[in-house]
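Student: Hello! I would like to learn how to read the places where chains meet. Could you guide me?

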There are 4 protein chains.
Amino acid sequence: MEKLRVLTAGESHGECLTAIIEGMVAGLELDLDFINGELARRQQGYGRGGRMKLENDTVKITSGVAGGKTTGAPIAIVIGNKNRDNEGTPFTAYRPGHADFAGSVKYGHEDLRNVLERASARKTAIEVAVGAVAQLFLKEFGITGSVSADIDTERIDAAKEAGDTLGGKFEVVYTGLPVGLGSYVHADRAIDGRLAQAVMSIPAVKVVEIGTNPLGMYGSEYHDEIFAGGVRKTNNAGGVEGGMTNGEPLVVKGVMKPIPTMRKPLNTVDSKTGQPVQAFVERSDTCAVEACSVVAQARVACVLADEMLLKFGGDSLNEVKKNYAGVRG
Amino acid sequence: MEKLRVLTAGESHGECLTAIIEGMVAGLELDLDFINGELARRQQGYGRGGRMKLENDTVKITSGVAGGKTTGAPIAIVIGNKNRDNEGTPFTAYRPGHADFAGSVKYGHEDLRNVLERASARKTAIEVAVGAVAQLFLKEFGITGSVSADIDTERIDAAKEAGDTLGGKFEVVYTGLPVGLGSYVHADRAIDGRLAQAVMSIPAVKVVEIGTNPLGMYGSEYHDEIFAGGVRKTNNAGGVEGGMTNGEPLVVKGVMKPIPTMRKPLNTVDSKTGQPVQAFVERSDTCAVEACSVVAQARVACVLADEMLLKFGGDSLNEVKKNYAGVRG
Amino acid sequence: MEKLRVLTAGESHGECLTAIIEGMVAGLELDLDFINGELARRQQGYGRGGRMKLENDTVKITSGVAGGKTTGAPIAIVIGNKNRDNEGTPFTAYRPGHADFAGSVKYGHEDLRNVLERASARKTAIEVAVGAVAQLFLKEFGITGSVSADIDTERIDAAKEAGDTLGGKFEVVYTGLPVGLGSYVHADRAIDGRLAQAVMSIPAVKVVEIGTNPLGMYGSEYHDEIFAGGVRKTNNAGGVEGGMTNGEPLVVKGVMKPIPTMRKPLNTVDSKTGQPVQAFVERSDTCAVEACSVVAQARVACVLADEMLLKFGGDSLNEVKKNYAGVRG
Amino acid sequence: MEKLRVLTAGESHGECLTAIIEGMVAGLELDLDFINGELARRQQGYGRGGRMKLENDTVKITSGVAGGKTTGAPIAIVIGNKNRDNEGTPFTAYRPGHADFAGSVKYGHEDLRNVLERASARKTAIEVAVGAVAQLFLKEFGITGSVSADIDTERIDAAKEAGDTLGGKFEVVYTGLPVGLGSYVHADRAIDGRLAQAVMSIPAVKVVEIGTNPLGMYGSEYHDEIFAGGVRKTNNAGGVEGGMTNGEPLVVKGVMKPIPTMRKPLNTVDSKTGQPVQAFVERSDTCAVEACSVVAQARVACVLADEMLLKFGGDSLNEVKKNYAGVRG
């Protein structure tokens, strides 16, 4: 059940990345500087290699906007790819940790390049743009997101020197959310489930947590008691109880695995010959956790925007605001 | 994108729990003993209180089956509730850690009983029955699931004595999966995302992991190299690379928070008076991690069965098997 | 994109028909007399045979309701089947005009009874019950439906005498609808498309029309001009322009084919022997157009209720009403 | 339940129309000449005005293809708009028969141009391109479509001279379909319902028929008897029985209303002043039934391709073919 539908397309070295967002209300100002700023955030972070600096992504919006505001029609967003000519060479050695093996079996590709081109994290750029549109919508209701990432720069430096890579943990926080997004009435409407899907499906994410990891805690330690005036003094629940937002800050954490493309290459086999070889190396990032956190912030925004639209209805920003005020007031 | 659609209904003290499964193939033998056995597994585990023993759930299948086999028509499953008369009393003090607060705000319920009745984990019984049907389908392809739970019985005993509760970690493993369930081509088709949603939306689950938690590991330590014959010697990826199954055992872990209903009650406020009170106590389990793992096994089965149906198509079990053999052979 | 999800189950001679409705708001009074009254309307009409009188359907609601009102939880509805023991015999001769041939090829059924049992129009009883719930919701906003059917009783009598059958045309009208349900922004959001699907998928319906059939009319004759005060003097558009309701009465028409089960039997072949035989005769209705119109009214209600929920949002009836008033006022 | 997901975007005078197709198999050759040929067919037909000749649409495929074949990744298709500068002027008089009134109320647009730009039939160009991709897939299985339209050129000429417009009836036929696409097991899986939605949601279509309109026919006249060898001598059912294809040619008919934009203008009111005015005239087609039939052929192709993918599964064209052969053989 989604009111906000999104499809994305685009390859790592193709002409462009494209997204269509269907279901956004009319009357939302699409601040291109904000959207491009989110793209810039994604390209930064300690441990990134050379390509990121080259990209310098900016969006072009080709549909769904008139006079700078959404019209209610589907929004088409395009990000051009630069440096398209490099790195597009075929290869046949499965890179461990990547989609190469399963993807080539699934789709019948002999040239693993045909898997890599779409499986690449390059596609998260357009997802960040989509999430930026969702964030612009959320901001209209005072809902804002931020991220932090645990970065051990010494270990990143060590990894870089060794030709190795490192993952890490990040945290997304959204504040200003109303009570009651999501639901307990049906399993697939639980907002924690939707958030987990959104974050776990980011390339390289292997762990998702909502709030404090309760492992080893007694109930008397973990649960967030309620005091006079409805005040909570703790937020171990991360803002979600019973599959719904409870008005406290939403806290979603993720753990990213180390980037599987490494200068110190991994053992693998060639898909054609079956012979042991060393995995092909295309990119040279050492750590991309900060970028990943920006992608997670974007993904979470899409879930929250959709839940806002489901709960408050409306076809224009004004109508949603009126409905929202009716509940709040 | 789902081929297997499921809706469930039912309250904790209502007449019955009901599920309808739409999209299951014809010709699958519905082994009631297996289904009821799964329900029994859910009712066991160290740390359970009194109610579980009373329930002793069994299913009744009222549609979609002829001569013990599915017909392709929607399958309706019913589990009656026993001991319906107890415990159905109204209450107005929000129980921290439960759906009470957000649920009553969302739906406008004054009597929090109207939230509790559906938010209760009682509804996971019918989800286990649905998952058992999915498991019967998977078994036809040699795909089988199992669970384990980290149970520290001493701490459970201590919690019980103190009127406190304890959560814990569990692990679901499925073996025999083909390569290429899920996909990297679109974010919402990643099987790790779908699995995370399925497990995180189980009441009380706050953490989901696929395979080994990579936190702190270098790429050279974490990634599962491929050796001659396509053999892997490690499975840190938990059977998922690039959002797809890679043929290794699927490993999904979850962490359950401590049950929020405790004899040693939590501070809260009354929704009517706004006054501080102590939370209402209905159930008396100390730890339900083993039950939770059975629910997780069921939920994962539903995702896997759906992905099998999406990949291999077919309207009868024979047709799916033929298609499956064509890929395997 | 649906906010109101419905699954149904049940066979013609099974224990019961079941539906689960997920996504209905809390606080709606479920008037059982109205629901049962709709079921009774479906069982009437000129040209019906004996079985209809036997059925005398009534619903039992097993979940989703407390104190006579919906709680926001999924609603489970059950209709028991009477006279279950008759007519359940196997058969192998494809009945032309029925699902027998294609259904048995699709699902691999040797006994065509396994197709008939679900393909039978018996299942429309539970669809009428679901539609009655949707109608109760619509009534809260002053939206009401009615039907009429072109019944030529002399031709029905003649058909009956000859062992033949007759179809016919029916019309569903809903009044009180707000402007702007549905949308032009994406093909699958056009309300006329959704209505056409809802009505065309009723067993035996082969034609759907919205408003006046424009065949042969010039633009100057057909289009509904707008006069001072926004008044229309005609409604050829049947209340839909640009894929949206325009505030005029919604008019949806359908043509039902003659019932394919006839005493004067059709030529066919036996699926096992391949030999020419005459088709098996189970039921004895001559004309079911009036029943079909009641089913159509129910189906249309489901589309309209879903569109109301999508446009106005809300989790309780009060919230939807507040949002609705905000738009209207 | 869809395996093939499509979103489109684009305005009548915007930079371009865009579509993303998600779920198409890998290995399908995308014949650009065929796709562009379908676009050319849409631009022809007796009764078209000047704009059509100017457009001369051609597609650009920016993602999802490598070496001329699909890769399994989402396919992005773009059609540029020519003559973008003309005709983009604001207006405030509701055009009867268009989305102007309901669309402006729904989305809060003061300038009706913001409705027109997306509501315009211009967007059907990209839908024809999407349908052409679906047709290329279907052709691999020997499934081909054709259309015919009832064109009374004398009446069109008379309408043109009078500044009036004319609709008409068209027919789409697909041959080569396997038995058993769609299903009787759940209302929303009936293929006739899906086809009706696909065709009724085309701008200006008000009637959809499957096969022969049965109005007034007796059962003994209408139903398609089955003879030795499974042969049918008639196809009144239009290839659909029980919500499924039955192996006979699929026949879907539609009636298009007269184009509501007429030189002989309609009475209406101005949305700002409320005063009676005459409707704004932008385009000058007299009859677009032939174009509409091409759009219908495209839309039907999308439904059929999706149903093929649902029934036969598979991620590459080879895999679908193998599964298909298994059923056929």
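Tutor: Gladly! Let's start with a term: a salt bridge here is a side-chain nitrogen of Lys or Arg within 4 Å of a carboxyl oxygen of Asp or Glu. Keep in mind that this is a predicted model. Over all chains, the structure holds 84 salt bridges.

Student: What do the side chains of A:Arg5 and A:Glu22 form?

Tutor: The general idea is that side chains of opposite charge can pair when their charged atoms come close. A:Arg5 and A:Glu22 form a salt bridge, with 2.8 Å from N to O. A:Arg5 belongs to strand E1 (residues 5-9) of chain A and A:Glu22 to strand E2 (residues 16-22) of chain A, so this pair ties together parts that are 17 residues apart in sequence.

Student: Now for the interfaces. How is the area buried between chain A and chain B read?

Tutor: The size of an interface is often given as the accessible area lost when the parts come together. Between chain A and chain B, about 7,100 Å² is buried, and carbon and sulfur atoms give 61% of that area. Chain A brings 92 residues to the contact, and chain B brings 92 residues.

Student: How many salt bridges and how many polar contacts are counted between chain A and chain B?

Tutor: The count of salt bridges between these two chains is zero. For polar contacts, the count is 38 residue pairs, both residues being at pLDDT 80 or more. On the side of chain A that touches chain B, you will find 45 nonpolar, 26 polar and 21 charged residues.

Student: Which strands of chain A and chain B are joined by bridges?

Tutor: Strand E9 (residues 205-210) of chain A and strand E9 (residues 205-210) of chain B are joined by three bridges, and they run antiparallel. Find A:Val208 in your view: its bridge partner in E9 of chain B is B:Val208.

Student: How do I read the way chain A is laid on chain B?

Tutor: Two copies of a chain are related by a rotation about an axis and a shift along it. A turn of 180° with a shift of 0.0 Å along the axis lays chain A on chain B, with an RMSD of 0.0 Å. The two copies are therefore related as by a two-fold rotation axis. In chain A, the C-alpha nearest that axis belongs to A:Gln197, at 2.4 Å. The same surface serves both copies, since 100% of the contact residues of chain A recur in chain B.

Student: And what is the area buried between chain D and chain A?

Tutor: That area is about 2,500 Å², with 60% given by carbon and sulfur atoms. In chain D, the residues that lose the most area to chain A are D:Leu7, D:Ile20 and D:Tyr107, together 24% of what that side buries. The contact itself links 32 residues of chain D with 32 residues of chain A.

Student: How many salt bridges are found across the interface of chain D and chain A?

Tutor: There are four salt bridges across this interface. D:Lys106 forms a salt bridge with A:Asp315, where the closest N and O atoms are 3.2 Å apart. Strands E1 (5-9), E2 (16-22) and E3 (59-63) of chain D, together with helices H3 (100-107) and H4 (113-119), each supply at least two residues of the side that touches chain A. The residues of that side divide into twelve nonpolar, eleven polar and nine charged.

Student: Which rotation superposes chain D on chain A?

Tutor: A rotation of 180° does, with 0.0 Å of shift along its axis and an RMSD of 0.0 Å. Here too the same surface serves both copies: 100% of the contact residues of chain D recur in chain A.

Conventions. Residues are numbered from 1 along each chain as its sequence is written. Chains are lettered from A and ligands numbered from 1 in the order in which they are written. This is a predicted model: local features need pLDDT of at least 70, side-chain atom pairs count only at pLDDT 80 or more; totals for chains, interfaces and linings use all residues. Side-chain values use heavy atoms; hydrogens and water are left out. Contact means heavy atoms within 4.5 Å. Buried area is the accessible area (1.4 Å probe) that two parts lose on being put together, summed over both. Helices (H or I, at least four residues) and strands (E, at least two) are DSSP runs, numbered from the N terminus. Ala, Val, Leu, Ile, Met, Phe, Trp, Tyr, Cys and Pro count as nonpolar, Asp, Glu, Lys and Arg as charged, and the others, Gly among them, as polar. Copies are superposed by least squares on the C-alpha atoms of residues with pLDDT of at least 70 in both. A polar contact is a pair of N or O atoms within 3.5 Å; within protein, one must be able to donate a hydrogen and the other to accept it, and residues adjacent in sequence count only if both atoms are side-chain atoms. Two strands pair if DSSP finds at least two bridges between them.
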